[in-house]
Amino acid sequence: MVKKQDEFYKKGAEAELCELTIDGEEALSKKRIPKGYRDATLDESIRKKRTRGEVKLLAIAASVVNVPRIIKVDAEKSEILMEFIKGKALKEIIAKRPMLCTEAGARIRALHDIGVIHGDLTTSNILVAEENPLLKERIEKKGKLFFIDFGLGQFSKKVEDKATDLVVFKKTFNATHSSLKNGWENVMKGYNADKEMLARMDAIEKRARYH
Ligand SMILES: Nc1ncnc2c1ncn2[C@@H]1O[C@H](COP(=O)(O)OP(=O)(O)O)[C@@H](O)[C@H]1O
Ligand SMILES: [Mg+2]
């Protein structure tokens with residue numbers, strides 16, 4: 001494995017992302033950085049736990065949705081080396097391609113059906129891949145959406161956890177894409193929630209409003 005360049009790419013909410021080239025392929029290192037306000041020992045254990053959790057969920061999620069392939073994990077350094085997905089965040093192109101709302105809903109449903117709760121669903125944590133020979137087969141099978149950032153996720157089959165995942169998404173979705181016509185309705189159309197799920201989402205939203 002030949003690593004080349006180590007270019008700073010982005011600073012996320014809890015991680016630093018660096019773009020690099022491994023054997024001619026673009027890759028990305030996601031390294032969780034220490035948070036000064038947390039106790040150092042606790043901080044390290046949180047970072048390691050989230051790194052391990054993210055890797056585990058990425059592997060499970062990969063059976064039903066597209067996710068970046070993992071190249072290498074260094075839990076001690078809280079670092080994940082993964083495939084770089086060329087494209088844009090769903091957030092940036094959703095206005096031009098509103099049909100992606102329905103597709104996102106359907107893919108989230110597929111994740112929930114196998115018990116993967118993402119934990120931080122936003123239109124920044126869903127990437128829309130560009131046409132690319134490396135991804136062609138996967139795009140044909142599971143579509144253009146690539147899910148990332150599973151560090152706050154968990155494995156659960158509980159309706160409550162799935163409904164919470166959707167309510168979290170709904171809140172940021174409506175705040176970010178307030179002028180998108182029927183955006184959230186189309187996400188839910190793709191998700192195809194049953195009555196129990198809709199009732200639970202309502203209950204969670206009411207609880208949030210009155211507490
Ligand atoms: N595999 C990837 N390919 C391309 N871009 C990525 C990839 N992983 C992350 N990114 C970019 O880096 C940003 C931050 O990564 P993310 O995993 O969401 O970390 P954080 O937990 O800090 O939000 C993402 O919003 C996305 O723009
Ligand atoms: Mg993120």
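Here's a quick briefing on how ligand 1 is held in this structure. Keep in mind that the model is predicted. Ligand 1 sits in the largest pocket, and it lies between two domains, because domain 1 (3–83) and domain 2 (87–210) both give residues to the shell around it.

**Who's around the ligand**
- The shell counts 19 residues, and those that come nearest are Lys-10, Ala-13, Lys-30, Ile-85 and Asp-149.
- Sorted by class, the shell around ligand 1 splits into 11 nonpolar, 3 polar and 5 charged residues.

**Polar contacts**
- The side chain of Lys-30 puts an N or O atom 2.7 Å from an oxygen atom of ligand 1.
- At Ala-13 it's the backbone that does the job: a polar atom there is 2.8 Å from a ligand 1 oxygen.
- Ala-15 also uses a polar backbone atom, with 3.4 Å between that atom and an oxygen of ligand 1.

**Cover and framework**
- On its own, ligand 1 has 550 Å² of accessible area, and the protein covers 91% of that.
- Four strands give two or more residues each to the shell around ligand 1: S1 (3–11), S2 (15–22), S3 (25–32) and S5 (79–83).

Definitions and conventions:
Residues are numbered from 1 along each chain as its sequence is written. Chains are lettered from A and ligands numbered from 1 in the order in which they are written. This is a predicted model: local features need pLDDT of at least 70, side-chain atom pairs count only at pLDDT 80 or more; totals for chains, interfaces and linings use all residues. Side-chain values use heavy atoms; hydrogens and water are left out. A residue is near a molecule or strand if one of its heavy atoms lies within 4 Å of it. A polar contact is a pair of N or O atoms within 3.5 Å; within protein, one must be able to donate a hydrogen and the other to accept it, and residues adjacent in sequence count only if both atoms are side-chain atoms. Accessible areas come from the Shrake-Rupley method with a 1.4 Å probe; for residues, only the protein chains shown count as cover. On a 1 Å grid over the protein atoms alone, a cavity is a set of points where a 1.4 Å probe fits but cannot get out, and a pocket is an open set with protein on both sides within 12 Å along at least five of seven lines; lining residues have an atom within 4 Å of a point. A molecule sits in a cavity or pocket if more than half of its atoms lie within 2 Å of its grid points. Ala, Val, Leu, Ile, Met, Phe, Trp, Tyr, Cys and Pro count as nonpolar, Asp, Glu, Lys and Arg as charged, and the others, Gly among them, as polar. Domain bounds come from an automatic or database domain assignment.
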